[in-house]
Amino acid sequence: MSKKRIVIESVVFSTVICFGYILFMVIQGYILTKNDVPDIINSYNNVEYLQQKVAFGVINRGGGWIYAIGAFILLALTYGTIRWRLKRKL
């Protein structure tokens with residue numbers, strides 16, 4: 001078994017795990033949205049003005065992609081290291 005095959009297996013394994021996780025989250029969101037029944041009548045009993053919900057100085061940079069890429073690389077490296085060490089023992 002060559003190093004190239006281990007690298008390819010690592011990338012494929014981490015891709016399948018990441019897409020499986022995303023698919024699970026999408027299905028879970030679909031089910032939760034489908035079963036949600038909003039209480040429209042009682043939602044207007046306690047009205048808060050929008051001005052009380054404003055936050056100043058908050059910046060959302062959208063760093064979710066960095067965490068996703070980091071998790072992908074970490075998963076691929078972990079799988080590749082385990083496969084490489086098992087290959088060396090055999």
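Start by selecting serine 14, which sits in helix α1 (helices here are DSSP runs of H or I, at least four residues, and strands are runs of E, at least two, numbered from the N terminus). This is a predicted model, so keep the ground rules in mind: local features need pLDDT of at least 70, side-chain atom pairs count only at pLDDT 80 or more, and totals for chains, interfaces and linings use all residues. Residues are numbered from 1 along each chain as its sequence is written, and side-chain values use heavy atoms, with hydrogens and water left out.

Back to serine 14: at 0% relative accessibility it counts as buried (buried is under 20% relative accessible area, exposed is over 50%, and partly exposed is in between, using a 1.4 Å probe and protein chains only). Now show what serine 14 touches, leaving aside neighbours within four places in sequence: Phe72, Leu75 and Ala76 (contact means heavy atoms within 4.5 Å).

**Hop across to alanine 76**

Click on alanine 76, and you're in helix α2. Alanine 76 is buried too, with a relative accessible area of 13%. Not counting residues up to four places away in sequence, alanine 76 touches Ser10 and Ser14. Try a C-alpha to C-alpha distance from alanine 76 to serine 10: the two are 4.8 Å apart in space, yet 66 residues apart in sequence.

**The ring pair**

Next, select phenylalanine 13 and tyrosine 79. A search of the whole structure finds 1 aromatic pair, and these two make it: their ring centres are 4.4 Å apart and their planes are at 20 degrees, so the pair is stacked. (Rings of Phe, Tyr and Trp, the last by its six-membered ring, pair if their centres lie within 6.5 Å; planes under 30 degrees apart are stacked, over 60 edge-to-face, and the rest tilted.) The pair links distant parts of the chain, with phenylalanine 13 in helix α1 and tyrosine 79 in helix α2, 66 residues apart. Phenylalanine 13 is partly exposed at 33% relative accessible area, and tyrosine 79 is partly exposed at 23%.

**The salt bridges**

Now pick Arg5, Glu9 and Arg83, which are linked in a network of salt bridges. A salt bridge here is a side-chain nitrogen of Lys or Arg within 4 Å of a carboxyl oxygen of Asp or Glu, and by this rule the count comes to 2.

- Glutamate 9 to arginine 5: the closest N and O atoms are 3.1 Å apart. Both residues lie in helix α1 (residues 3-35), 4 residues apart, or about one turn of the helix.
- Arginine 83 to glutamate 9: the closest N and O atoms are 2.9 Å apart. Arginine 83 is in helix α2 (residues 64-89) and glutamate 9 in helix α1, so this pair ties together parts that are 74 residues apart in sequence.

Switch on the surface and you'll find glutamate 9 buried at 18%, arginine 5 partly exposed at 47% and arginine 83 partly exposed at 21%.

**Last stop: the largest pocket**

Select Thr15, Ile17, Cys18, Phe19, Tyr21, Ile22, Trp65, Ala68, Ile69, Phe72 and Leu75 to light up the lining of the largest pocket. (On a 1 Å grid over the protein atoms alone, a pocket is an open set of points where a 1.4 Å probe fits, with protein on both sides within 12 Å along at least five of seven lines; lining residues have an atom within 4 Å of a point.) α1 and α2 are the elements that give two or more residues to this lining, and α1 gives the most, with 6.
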